[in-house]
Structure formats: C-alpha cells, structure tokens
Amino acid sequence: MKFKEVYGDNTDVRVFFAPGRVNLIGEHTDYNGGHVFPCALTLGTYAVAKKRKDRKLRFYSTNFYKLGILESSLDDLRPDEAEGWLNYPKGVMWAVEKKGFKIPCGLDIMVSGDIPSGSGLSSSASIEIVTGMTLNSLFDFGMSNQELALIGQYSENNFNGVNCGIMDQFAIAMGRKDCAIFLNTADLSYEYAPVILKGAKIIISNSNKKRGLSNSEYNERREECEMALTELQAGMGINTLGDLNEELFEQIKMAIHDEDRRKRAKHAVYENQRTIKAVQALKNNDIAQFGRLMNESHISLRDDYEVTGEELDTLVEKAWKVEGVIGSRMTGAGFGGCTVSIVKSEMVDEFIKRVGDAYREKIGYSAKFYVVEIGSGPCEL
Ligand code: GLA
C-alpha cells in the first residue's frame with residue numbers, strides 16, 4: 001500500500017473520507033444571513049493517518065507527489081504561503097487547539113483526492129473536514145459533524161485568511177446521499193431535501209480557469225455587502241441582508257449610496273429569495289421552475305454580483321442553447337471554476353459535445369465535464 005511505500009510502516013493506520021460539494025443554488029448568500037442549497041459529491045478526499053510517538057507532523061499528498069514528504073510540528077502551527085495545500089490541514093490542527101482540544105501526539109498523514117483543485121468544488125474544505133474527522137476519531141474529541149464544519153470555517157477565516165461563509169464545510173460535514181441541504185446560514189437550521197431528478201442528471205463543467213486572485217476579490221465582495229447592510233440598517237430593524245425580501249429591498253435600496261454596492265446587495269437579497277423558491281419548486285416536483293431559478297441566479301451573479309467572467313459565462317450561455325438543459329449556472333465563489341447544469345439524461349452526451357466544442361473554440365482550451373452523483377458525508381473506511 002502506498003502509505004507503507006511513503007512512510008515505511010502502515011501498522012495501525014486508519015482511513016477517512018470527506019466529500020467535495022456542489023452548490024445547486026444560493027450563491028454568495030452564506031455570509032449575508034441567507035439560504036444555500038448545496039450537496040455533497042461522491043468525489044472527495046481520502047486521508048490515511050497514523051499516530052506518532054513525538055510531536056512531529058508529516059504530510060504527503062499523492063496529488064502533489066512531487067513535493068514529497070513535508071514536515072512540520074504541533075509546536076509550529078503557523079500559516080506559510082509557500083507551503084500551499086499544507087495550510088489546510090495545519091489550519092484545522094491549529095483551530096482544534098484554539099477551541100480547547102489538545103492534540104496529544106504527532107501524525108503521519110497521506111492525503112489523496114479526486115476533486116479537481118481550484119475548481120470551486122471545495123477541495124480545500126474537503127481537506128479541512130477530513131483532517132477534522134481524523135483528529136476527532138483518533139483522539140476521541142467527541143465533536144459533532146456540525147462542530148467540525150465550524151472548525152473548518154474558523155481555520156479558513158483565521159489561519160488561511162479567506163473570509164468564507166459556512167456553506168462549504170457544512171455541506172461536506174453534513175452531506176447525505178441523494179439529498180441537498182437547505183441551510184439557513186443565519187441560525188444554521190437546516191433540512192435535507194431529496195433531489196429527485198426524474199430522467200435528468202447533474203453535470204459539472206469545469207472551465208479549467210484557475211480561480212487565481214479570487215481570495216482578495218471574494219473578501220472584497222463580502223466587504224461591499226457588509227457596508228451596504230450598514231447603510232440599510234440606519235433606521236431599519238434588520239440584522240442581515242437575508243432579512244429582506246425583494247419588495248422591501250426595492251423600497252429602501254437608495255440608502256445604499258454607491259451603485260456597485262447596491263447591485264451586490266440586490267444579488268444577496270434576490271438570490272436568497274430565489275433559493276427559498278427553488279427548494280419549494282423541488283418539493284413540488286417542478287424541476288422546470290427549479291431550472292429557471294438556476295438560470296436567473298447565473299444572470300444575477302453575472303450582472304449584479306459580477307463574479308462570473310468570460311469562461312463561466314461561455315459555458316452557461318452555450319448550455320442554455322442545448323435542448324434538454326433544464327437549468328445551468330456558475331457554482332461556488334466564481335471568477336473561474338465550475339458551472340452546474342441539470343440536463344435530461346438522453347441529452348448528456350450531446351451536451352458535453354456541444355458545450356465542449358463551443359467552449360474550446362471560443363476560449364482556446366478545453367473544459368472538463370463530470371456527470372455527478374450526490375454522495376454522503378464524511379466517514380471512516
Ligand atoms: C465559496 C465560499 C462559500 C460561499 C461561496 C459562494 O465557496 O467558501 O462560503 O460564500 O464561495 O456562494
């Protein structure tokens with residue numbers, strides 16, 4: 001087994017898995033007190049771990065095998081940009097200790113994942129949750145999966161400097177097979193909704209455009225929303241943009257002075273309402289309406305939130321033209337990454353061919369397509 005090859009000894013190893021996620025609708029609402037509707041994927045990250053007798057930490061990723069074994073220590077849990085992916089497991093270890101748990105000994109860890117990195121399917125949150133799960137199980141910390149999600153988010157915010165919301169870690173830690181999670185990020189109340197797409201499939205199209213500078217742009221969008229909220233709050237009893245519906249927003253929106261900021265807030269308000277309507281449509285078996293709301297979500301992310309870009313717009317706009325496409329939109333943070341589409345089963349091959357060809361022709365390189373299934377949450381194997 002690979003672990004033995006890398007570390008020389010695989011006695012008493014334990015193996016854990018955490019999925020990736022795709023968000024069906026409810027984008028950039030999770031740090032605005034709104035709703036999201038993500039689901040776990042069967043793609044994910046595996047971690048093989050073994051306790052050590054000292055405080056050393058050794059990491060190896062089959063995805064970044066060229067880096068070899070990377071060493072650190074429980075006494076040196078500090079972020080270091082040069083260490084790349086290592087900042088995610090290290091960040092979770094740091095966060096676990098911050099929350100009052102003591103990691104008693106070092107570990108040898110081997111990580112292996114099949115989520116394309118930088119694609120917006122949360123490979124980083126998946127590593128965070130698989131690390132949390134590993135620590136929780138090896139050292140009997142007794143944390144719930146929801147606590148693991150919060151620790152993952154805490155580490156991403158405070159160790160890795162990305163001011164993300166709770167969606168990714170929650171979707172991964174709380175995933176359930178064949179269901180999406182209707183989560184209210186204002187109070188973390190949630191409900192599982194079966195995704196029954198009679199005769200249709202979920203296709204993820206990876207633009208292969210890396211998200212690049214996205215972290216700073218992500219944080220910037222968040223700040224714009226926070227500022228807009230402060231402007232709206234003067235004289236209004238609201239806590240988040242998620243407290244507003246469309247009508248109320250239209251009545252008070254001129255309290256936001258800057259036009260761009262007004263557009264960002266509009267997206268947050270309307271997207272939240274769309275998410276609530278989309279889940280209702282799904283419950284009513286009205287997949288066509290669910291698809292229309294997905295399309296509207298993309299338009300809002302393109303025109304008001306401005307996080308799509310030519311690659312994602314091309315994938316979505318080509319998809320809309322293919323017969324049998326029920327809905328298509330960008331998913332995740334944006335600025336590159338993936339789109340999610342619901343496509344009639346008999347049109348899947350045609351979809352991949354037509355969207356793929358048109359994308360290559362316009363953008364100059366290829367997209368990649370995944371017909372995905374909704375998977376379960378994290379587990380020990
Ligand atoms: C990223 C963040 C999430 C969420 C999405 C946008 O995936 O990690 O918290 O804000 O972007 O919906």
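How many residues does helix H10 have, and how far does the helix reach from its first C-alpha to its last? In this predicted model, H10 spans residues 310-321, twelve residues in total, and reaches 17 Å, close to the 16 Å expected at 1.5 Å a residue. Buried positions in H10 are Glu 311, Leu 312, Asp 313, Thr 314, Leu 315, Val 316 and Ala 319. Their cover includes two helices, H9 (287-303) and H11 (348-363), together with strands S9 (200-206), S10 (325-331) and S11 (338-344).

These strands lead on to the sheet. It is open and built from four strands in the order S10-S11-S9-S12, with antiparallel pairing. S10 and S12 (368-372) form the edges, each pairing on one side only, and the twist from one strand to the next averages 20°. Seven bridges join S9 and S11 in the antiparallel sense, and Ile 204 stands opposite Val 340 in S11. Helix H9 packs on the sheet through S10 and S11, its direction making about 35° with that of S10. Helix H11 also packs there, touching S9, S10, S11 and S12, and its direction makes about 160° with that of S12.

Turning to the nonpolar interior, the largest core has 44 residues, of which Met 93, Val 96, Ile 103, Leu 107, Leu 135 and Phe 139 touch the most other members. Helix H3 (residues 123-138) is the biggest contributor to this core, giving seven residues. Beyond its neighbours within four places in sequence, Phe 139 is in contact with Lys 51, Ile 103, Pro 104, Cys 105 and Leu 107. Another core, of 31 residues, lies apart from the largest one; its members include Leu 41, Leu 282, Ile 326 and Val 372.

Conventions. Residues are numbered from 1 along each chain as its sequence is written. This is a predicted model: local features need pLDDT of at least 70, side-chain atom pairs count only at pLDDT 80 or more; totals for chains, interfaces and linings use all residues. Side-chain values use heavy atoms; hydrogens and water are left out. The expected span of a helix is 1.5 Å times one less than its number of residues. Buried means under 20% relative accessible area, exposed over 50%, partly exposed in between (1.4 Å probe, protein chains only). Contact means heavy atoms within 4.5 Å. A nonpolar core is a set of buried Ala, Val, Leu, Ile, Met, Phe, Trp, Tyr and Cys residues joined through side-chain atoms within 4.5 Å. Two strands pair if DSSP finds at least two bridges between them. Axes are lines fitted to C-alpha atoms, for helices over the stretch in contact, and angles run from 0 to 180 degrees between N-to-C directions.
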